[in-house]
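Colleague: Could you take me through one part of this model in detail? I'd like a close look first, and then a sense of the whole it belongs to.

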Amino acid sequence: MSRWLVVSDNHGDRDILVKLKKQLQPDAIFHCGDSEMRADDPWFQDAYVVQGNMDSDPNLPQVLTPRVAGCQVLLTHGHLDGVNWNLTRLKLRADAAQADAVFYGHTHQLAVEMVAGHLFVNPGSISQPRGEFQTLGGTCALITVTATQWDVQYVTRDGQPVPDLRFTFARVETQKG
């Protein structure tokens, strides 16, 4: 079992990242961009981090595809894949990367779904949420990964789980080829 923190779009609010890391103590951290922080920020040590459209540090990669706890992950901000409209381009990228899980941000709206064997998670914005769940004041995703399932629990800025925003999906082995 492994617990992952997926966060995005903190837009310079470094303190919330420090707080969540300390409070939730995840095994792995994925930041989907728009941190507006430097790539060498100590908070990013031992974290997977990509560049968003508001990040100016060219040392942050656009896309990462790490293998973590036996899972192939695709991490991106999403603005280059048109996630404001649909997930088609991101799904094609996930297929090419043979990704088990895809983490993206950009829209500032949380979203989770299983598409063609890929778990797609947008944690929403931790600092500037939009859409249906804006009143929560910001969200991130805490994902518990087991051999057979993904448990996605959305968490507020104060580290509290949102009871109605917990989703469980069966893990599906993507075709390795």
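What follows is a walk through one hairpin and then the protein around it.

Colleague: How do strand 11 and strand 12 pair, and what sits in the turn between them?

Modeller: Bear in mind that this is a predicted model. Strand 11 covers residues 149–156 and strand 12 covers residues 161–170. The two run antiparallel to each other, with 6 bridges holding the pairing in the assignment. If you want a spot to anchor your view, go to glutamine 153, which faces arginine 166 across in strand 12. Then follow the chain round the end: the two strands make a hairpin, with 4 residues between them. In that turn, look at glycine 159, whose phi is positive, about 80°.

Now zoom out. The hairpin's two strands belong to a set of 12, alongside 2 helices. Reading along the sequence you get β-α-β-β-β-β-β-α-β-β-β-β-β-β, so to speak a strand, a helix, and then strands with one more helix among them. As for overall form, a compact globule of 177 residues would have a radius of gyration near 16 Å, and the protein's 15 Å agrees with that. Its C-alpha trace spans about 40 × 35 × 30 Å along the principal axes.

Inside, 53% of the 177 residues count as buried. Among contacts with a separation of 6 or more, 50% come from residues 24 or more positions apart. On the outside, about 8200 Å² is exposed, and carbon and sulfur atoms supply 48% of that. Finally, the charges: 15 positive and 20 negative, with mean positions 3 Å apart.

Definitions and conventions
Residues are numbered from 1 along each chain as its sequence is written. This is a predicted model: local features need pLDDT of at least 70, side-chain atom pairs count only at pLDDT 80 or more; totals for chains, interfaces and linings use all residues. Side-chain values use heavy atoms; hydrogens and water are left out. The radius of gyration is taken over C-alpha atoms; the globule rule is 2.2 Å times the number of residues to the power 0.38. Buried means under 20% relative accessible area, exposed over 50%, partly exposed in between (1.4 Å probe, protein chains only). Contact means heavy atoms within 4.5 Å. Accessible areas come from the Shrake-Rupley method with a 1.4 Å probe; for residues, only the protein chains shown count as cover. Lys and Arg count as positive and Asp and Glu as negative; His and the chain ends are not counted. The place of a charge is taken as NZ of Lys, CZ of Arg, CG of Asp or CD of Glu. Two strands pair if DSSP finds at least two bridges between them.
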